[in-house]
Amino acid sequence: MLTKSARVLVLTSSTRPGALGPLVAQWLMETMTPRAAELGVELVPVALGDLDLPFLDEEEHPSAGVYQQEHTRRWSEVVDAADGFVVVTPEYNYGMPATLKNALDYLSREWAWKPIGFVSYGHTSAGTRSVQHAKQVVTTLRLVPLGATVAIRIGDAVEGGRLRSDASRDAAGVGLLDELVRVAHALRPLRERARAGALSGPVPGSYVRRLTPDDAPEVTVLQRCSWVDEAVANDTLAIPALHESLEDVRDWLATWHTTGVWLDGRLLGMVRARRVDTDWHVGRLAVVPDLRGQGLGRWLLRTAEAGAQPDCRRVLLFTGAKSLRNIDLYHSEGYRSAPLAAPDGTTCLTKDISVRQH
Ligand SMILES: Cc1cc2nc3c(=O)[nH]c(=O)nc-3n(C[C@H](O)[C@H](O)[C@H](O)COP(=O)(O)O)c2cc1C
């Protein structure tokens, strides 16, 4: 798949026996499933009634993320793993059902920067007052409510305990999913920045995290554009970074410890490192062309070096023998060049780290 897939929870809010909610949710799942397959989206139906969430019984404020109860930890994992939500909700007394409010209140960070769409049902207002009520609450959690909506008037839509087929309602359900997925992708950078393990980066607003095989598309683009300069400087196209396939990149991302700097979903720079015997190998240091000369490469190099285990004796890296700009950077960071270039036109640089202050 070319773009990252999304996981969408379809939440059924009502829990009372004989509720209409499951019927509406079933229609929605059946309607959205073909479109979800086209979009590479995983739809996960979740009934709040199956979660066994009592009224909020955690001592700490949810923003602390300190959960004492097993049911909270389970709910946290489910919500955390999702990229967006479709809530199927009735209107109870002009508002959302208490079950939905309670499920929202349980968590905090897990909801942030994810889209939420509503499929409501009710009598005269088709559940729309419930949705208005919910929107006011969800924005506090940094959920992003969609404009697209499906509102079902029970009197028009339900006959003999079944939902009448309705092509315009089906189209609205698909439209809701389309909008949800677009917003989920657009919000991905904000989610990544907020997620555990992402640290602030050296460029204002940027964040840093370990790259995984899922990042192979961005890494492939970055290294191809970065190594064009190398190719020109060294008068050769025989540079692995220019030729590697998506699969090749995926493979090495699984084994190297690779650090990436991101800004609003754009990969600005990267560096990879791993241990070989007592050497710490560093490579694939790359910075997007428009941010070169601003210290990002130096920052990445130092970050990669800092990952070396205490018993590593030297850092070792390779660059094109004619890549003078790179070589200048490495020399200024304490590297020494090997006297001779290798037959493939690369040169090896090393830095002694056997005596380090820990
Ligand atoms: C406690 C309660 C309050 C309700 N309040 C409203 C309301 O404010 N507006 C409305 O249109 N319908 C209201 N209804 C009727 C519901 O729309 C209808 O019963 C619907 O089937 C409820 O969804 P559920 O079957 O999934 O629980 C209310 C129903 C209940 C049980």
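This briefing covers a ligand site, a helix pair and one loop residue. The model is predicted. Its ligand is surrounded by 14 residues. Helices α7 and α9 pack at an angle of about 110°. V203 sits in a loop and touches L268 and L296.

**Ligand site**

- Of the 14 residues around the ligand, the closest are S14, R16, L20, Y92 and Y121.
- Two side chains place polar atoms by ligand oxygen: a polar side-chain atom of R16 lies 2.7 Å from an oxygen atom of the ligand, and one of Y121 lies 2.6 Å from an oxygen atom of the ligand.
- N93 takes part through its backbone: a backbone N or O atom of N93 lies 2.8 Å from a nitrogen atom of the ligand.
- The protein buries 76% of the 600 Å² that the ligand exposes when taken alone.
- By residue class, the shell holds seven nonpolar, five polar and two charged residues.

**Helices α7 and α9**

- Two packed helices are described by the angle between their axes and the distance between the axes.
- Helix α7 spans residues 216-234, and helix α9 spans residues 246-255.
- Their axes are 9 Å apart, at an angle of about 110°.
- Angles of 65 to 115 degrees count as roughly perpendicular, so α7 and α9 are roughly perpendicular to each other.
- On the α7 side, the contact is made by A216, P217, V219, T220 and Q223.
- On the α9 side, L246, V249, R250, W252 and L253 meet them.
- The contact residues divide into seven nonpolar, two polar and one charged.

**Loop residue V203**

- V203 lies between β8 (199-200) and β9 (207-210), in the connecting loop.
- Leaving out residues up to four places away in sequence, V203 touches L268 and L296.
- V203 and L296 are 93 residues apart in sequence, yet their C-alpha atoms are 7.7 Å apart in space.

Notes. Residues numbered from 1 in each chain as written. Predicted model: local features only at pLDDT ≥ 70, side-chain atom pairs only at ≥ 80, totals over all residues. Heavy atoms only, no water. Near = heavy atom within 4 Å. Polar contact = N/O pair within 3.5 Å; in protein donor to acceptor, adjacent residues only side chain to side chain. Areas by Shrake-Rupley, 256 points an atom, 1.4 Å probe, with all protein chains shown as cover. Nonpolar A, V, L, I, M, F, W, Y, C, P; charged D, E, K, R; others polar. Axes fitted to C-alpha atoms, helices over the stretch in contact; angles between N-to-C directions. Helix = DSSP H or I, 4+ residues; strand = E, 2+ residues; numbered from the N terminus. Parallel < 35°, antiparallel > 145°, perpendicular 65-115°, else oblique. Contact = heavy atoms within 4.5 Å.
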